[in-house]
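Dear colleague,

I am handing over the structure we spoke about, so that you can look through it yourself before reading on. My notes on what was found in it follow below.

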Amino acid sequence: MDPTNLPTRSTPHWDLYRRDMFMLAAEQKHPLFSTDPDELERLAKQKLSEGGWLYASSNAGNSFTHRANREAFYRQRIVPRMLVDTNARDTTTELFGHKISAPICFAPVGINKIYHPLGELNSAKVAGELGLPYCLSTASSQSIEDVAEANGANAVRFFQLYSPPDEELMESILRRAVDNGFTACIWTLDTWQLGWRHGDVAASNYAFYKGIGAELGWSDPVFQKRMQERGWSKEKNPVETGQLWIDQVWHGKAFSWNDLPRVMKKWKTISGDKPFLLKGIQSVADAKKAVELGVDGIVCSNHAGRQVDGAVGSLDVLPEIVDAVGDKTTILFDSGIRGGADVFKALALGAKAVLVGRLWIYGMGIAGEEGVRHVMKSLLADFDILMGVGGFNSISEINRSALKYIPYGSSGDHNGGM
């Protein structure tokens, strides 16, 4: 904890953020808020509008997939090692040729303006500061150009694609992403329409249909042409144009494997062969098919339980996907990350990096940019400290030997889950 007695490290001493929080007591202050996930959710519910809270927290159906994600983490237990000199540990890793400060990415989350007026500009700025990849959603409530500027010239950023049926529009969106320094495309497969979410439906909670949050579309030249063809403008017809935009994003038209080569080729041609990933993979058969068709990576994800109710937890299928294709493609993990131990477990099971969403969204809703920064620096400190006290010096040392699987009903497991 003594900053004058620390060895040289190639990455920041993320653990010192905890010391900073303790030192606030000398000024009769304390941190912005607790980053305990349950407390974070409770405070976010108090701070956010009803619509903001419902959109951030709602899961598909009875939330069984959300629960499955958490239970999957609970069944995997870390086996710490002692008397390991971890003073010079290193949290860096490499992802698609980029050296990143930790194997943690900002997940693509849409319509951030319902959480804070600056929306995606908050999270993009913090991601750039921390040296973590930022993934921008097609459903962003800020323009691609403004997000790139907030993220910083040297930051690592990826673009998450919801593919519009309008080919000219899709090409325009991808070209803007490339022109603004986005170096990978993540095509999300599981959300060409929204899952059934009771809270959102009951409150008619769809901001785009109220003319809120369509900035990425409104700022696109091809979409502007589509508006003009109807005699509409953002200023005079915010509701109609908001509906028109999001109906191009979550359009209700299913894609098939036959569409993958076409979409991937479009990105590869525009970007000069930059990485193309598929997000939403939970089946080994799908993972194998993706590799056969030449994708550069897959994201093992169930959209945090927001799309298919009753689905398998993402962590439960990660090992078999890694065993099937892990030596042939890059595997990222998404869905259910709530702390440093979760990051560790996903890496141990073979993920190259993890995507985190709800944590920083709640932080943004509570305190804007500062809230995002507090949540993500706390997560980095949590992970860094876990590596230190658990006996792990580098990301490469985190593997399956560090975990023990404990099925429900085993001796000592009296809670049966969460």
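The unreviewed UniProt entry carries the annotation "domain: FMN hydroxy acid dehydrogenase", which covers residues 29–408. Please keep in mind while reading that this is a predicted model. Within it, the span of residues 29–408 is 44% helix and 12% strand, and its end C-alpha atoms lie 43 Å apart.

Let me turn to the cysteines. A search of the whole structure finds zero disulfides, and two of the cysteines can be followed in some detail. For C105, the closest cysteine sulfur is that of C135, and because the two sulfur atoms are 5.4 Å apart, they are too far from each other for a bond, given that a disulfide requires a pair of cysteine sulfur atoms within 2.5 Å. C185 also has its closest cysteine sulfur in C135, but here the separation is 11 Å, which is again too far for a bond. As for their surroundings, C105 counts as buried, at 1% relative accessibility, and C185 is buried as well, with a relative accessible area of 0%.

Salt bridges, by contrast, are present, and the search of the whole structure finds 32 of them. One of these joins K125 to E369, with the closest N and O atoms 3.3 Å apart. K125 lies in helix α5 (residues 120–130) and E369 in helix α16 (residues 358–390), so this pair ties together parts that are 244 residues apart in sequence. K125 is partly exposed, with a relative accessible area of 34%, and E369 is likewise partly exposed, at 22%.

A further salt bridge is formed where the side chains of K225 and E168 meet, at 2.9 Å from N to O. This pair, too, links distant parts of the chain, since K225 sits in helix α10 (residues 221–229) and E168 in helix α7 (residues 167–179), 57 residues apart. K225 counts as partly exposed at 33% relative accessibility, while E168 is partly exposed with a relative accessible area of 38%.

K328 and D327 also form a salt bridge, in which the closest N and O atoms are 3.3 Å apart, and both of these residues are exposed. Finally, there is a group that you may wish to view together: E167, E171, R175, D259, R262 and K266 are joined into one network by salt bridges that share partners.

With best wishes

Terms used:
Residues are numbered from 1 along each chain as its sequence is written. This is a predicted model: local features need pLDDT of at least 70, side-chain atom pairs count only at pLDDT 80 or more; totals for chains, interfaces and linings use all residues. Side-chain values use heavy atoms; hydrogens and water are left out. UniProt positions are given in the numbering used here, feature names are shortened, and annotations may be inferred rather than shown by experiment. Helices (H or I, at least four residues) and strands (E, at least two) are DSSP runs, numbered from the N terminus. Buried means under 20% relative accessible area, exposed over 50%, partly exposed in between (1.4 Å probe, protein chains only). A salt bridge is a side-chain nitrogen of Lys or Arg within 4 Å of a carboxyl oxygen of Asp or Glu.
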